[in-house]
Number of protein chains: 2
Amino acid sequence: MFVVVVYDTLAERNPKILKTCRQYLHWVQRSVFQGELSAAQHRSFTEAVKGVIDLEYDSVLIYRMQTHHAVQTETIGQEFSSGSPVL
Amino acid sequence: MFVVVVYDTLAERNPKILKTCRQYLHWVQRSVFQGELSAAQHRSFTEAVKGVIDLEYDSVLIYRMQTHHAVQTETIGQEFSSGSPVL
């Protein structure tokens, strides 16, 4: 499956969620990651996310599509790259 | 089409991009909106976005799908609602 993840976590937990997302996905924009996951990886990822966020305070939004062909991406303004600083 | 929009703009421009997104879409999470747009609305929305952001600094990411049936959404942690404060 193709997933897009957007997180909104307290600043002090950003490094942990960032690290977790990086283990499974590619960085797209500040607090946005995307990539292909198998069903097993998706389960593992969501479990890992639950372990690093505060479920009472933080929010992680996951959009799942069968394939990346199901979605078209466009960027208005700055395109981020792997060389950009992660905030 | 069904669109998901994530913006990353300088704080001073947040109110403008927020207002523009609200005119076309539903708020989902801090800096994330989604909703159904016609092709004409999509063109109008992207033009409006270009008018309120700084193209040299800000970034607005738009994911387009043919229908909302093409995507499944899940939230880990806090679900935002229309009653939540928009930061």
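Helices (H or I, at least four residues) and strands (E, at least two) are DSSP runs, numbered from the N terminus. With that in hand, let's work through some exercises.

This is a predicted model, in which local features need pLDDT of at least 70 and side-chain atom pairs count only at pLDDT 80 or more, while totals for chains, interfaces and linings use all residues. Residues are numbered from 1 along each chain as its sequence is written, chains are lettered from A and ligands numbered from 1 in the order in which they are written, and side-chain values use heavy atoms, with hydrogens and water left out.

**Exercise 1. Place Thr9(A)**

Find where Thr9(A) sits in chain A, and decide whether Thr9(A) is buried or exposed.

Solution.
- Step 1: Look at the loop between strand E1 (2-8) and helix H1 (14-24) of chain A; Thr9(A) is there.
- Step 2: Apply the burial cut-offs: buried means under 20% relative accessible area, exposed over 50%, and partly exposed in between (1.4 Å probe, protein chains only). Thr9(A) has 9% relative accessibility, so Thr9(A) counts as buried.
- Step 3: List its contacts, meaning heavy atoms within 4.5 Å. Leaving out residues up to four places away in sequence, Thr9(A) touches Asn14(A), Ile17(A), Ile53(A) and Asp58(A).
- Step 4: Check for a polar contact, which is a pair of N or O atoms within 3.5 Å; within protein, one must be able to donate a hydrogen and the other to accept it, and residues adjacent in sequence count only if both atoms are side-chain atoms. The side chains of Thr9(A) and Asn14(A) are joined by one of 2.4 Å.

**Exercise 2. Describe where the two chains meet**

Work out how many residues each chain gives to the contact and what area is buried between chain B and chain A.

Solution.
- Step 1: Count residues: chain A gives 36 residues and chain B gives 36 residues.
- Step 2: Turn to area. The size of an interface is often given as the accessible area lost when the parts come together. Here, buried area is the accessible area (1.4 Å probe) that two parts lose on being put together, summed over both. Between chain B and chain A that comes to about 3300 Å², with carbon and sulfur atoms giving 51%.
- Step 3: Pick out the main contributors in chain B: Tyr63(B), Glu74(B) and Ile76(B) lose the most area to chain A, together 23% of what that side buries.
- Step 4: Count polar pairs: 26 residue pairs are in polar contact between chain B and chain A, both residues at pLDDT 80 or more.
- Step 5: Look across the strands. Two strands pair if DSSP finds at least two bridges between them. Strand E4 (residues 59-65) of chain A and E5(B) run antiparallel, joined by seven bridges; in E5(B), Val60(A) has Ile76(B) as its bridge partner.

**Exercise 3. Follow the salt bridges**

Determine how many salt bridges the structure holds over all chains, and how many run between chain B and chain A.

Solution.
- Step 1: Fix the rule: a salt bridge is a side-chain nitrogen of Lys or Arg within 4 Å of a carboxyl oxygen of Asp or Glu.
- Step 2: Count. There are 10 salt bridges over all chains, and the count between chain B and chain A is four.
- Step 3: Take Asp8(B) and Arg30(A), whose closest N and O atoms are 2.9 Å apart. Asp8(B) lies in strand E1 of chain B and Arg30(A) in the loop between strand E2 (26-29) and strand E3 (32-36) of chain A, so the pair joins two chains. Asp8(B) is buried at 11% relative accessibility, whereas Arg30(A) is partly exposed at 22%.
- Step 4: Now Arg30(B) and Asp8(A): this salt bridge also has its closest N and O atoms 2.9 Å apart.
- Step 5: Add Glu74(A) and Arg64(B), which meet at 3.2 Å, N to O. This pair crosses between chains, from strand E5 (residues 71-77) of chain A to strand E4 of chain B. Glu74(A) is partly exposed at 21%, and Arg64(B) is partly exposed at 24%.

**Exercise 4. Trace the strands around E3(B)**

Explain why E3(B) can be called largely enclosed, and name the partner of His26(B) in E3(B).

Solution.
- Step 1: Four of the five residues of E3(B) are buried, so this strand is largely enclosed by the rest of the structure.
- Step 2: E1(B) and E3(B) run antiparallel, joined by five bridges, with Val4(B) opposite Gln34(B).
- Step 3: E2(B) and E3(B) run antiparallel too, with three bridges; the partner of His26(B) is Gln34(B).
- Step 4: E2(B) and E3(B) form a hairpin with two residues between them, and Ser31(B) in the turn has a positive phi of about 65 degrees.
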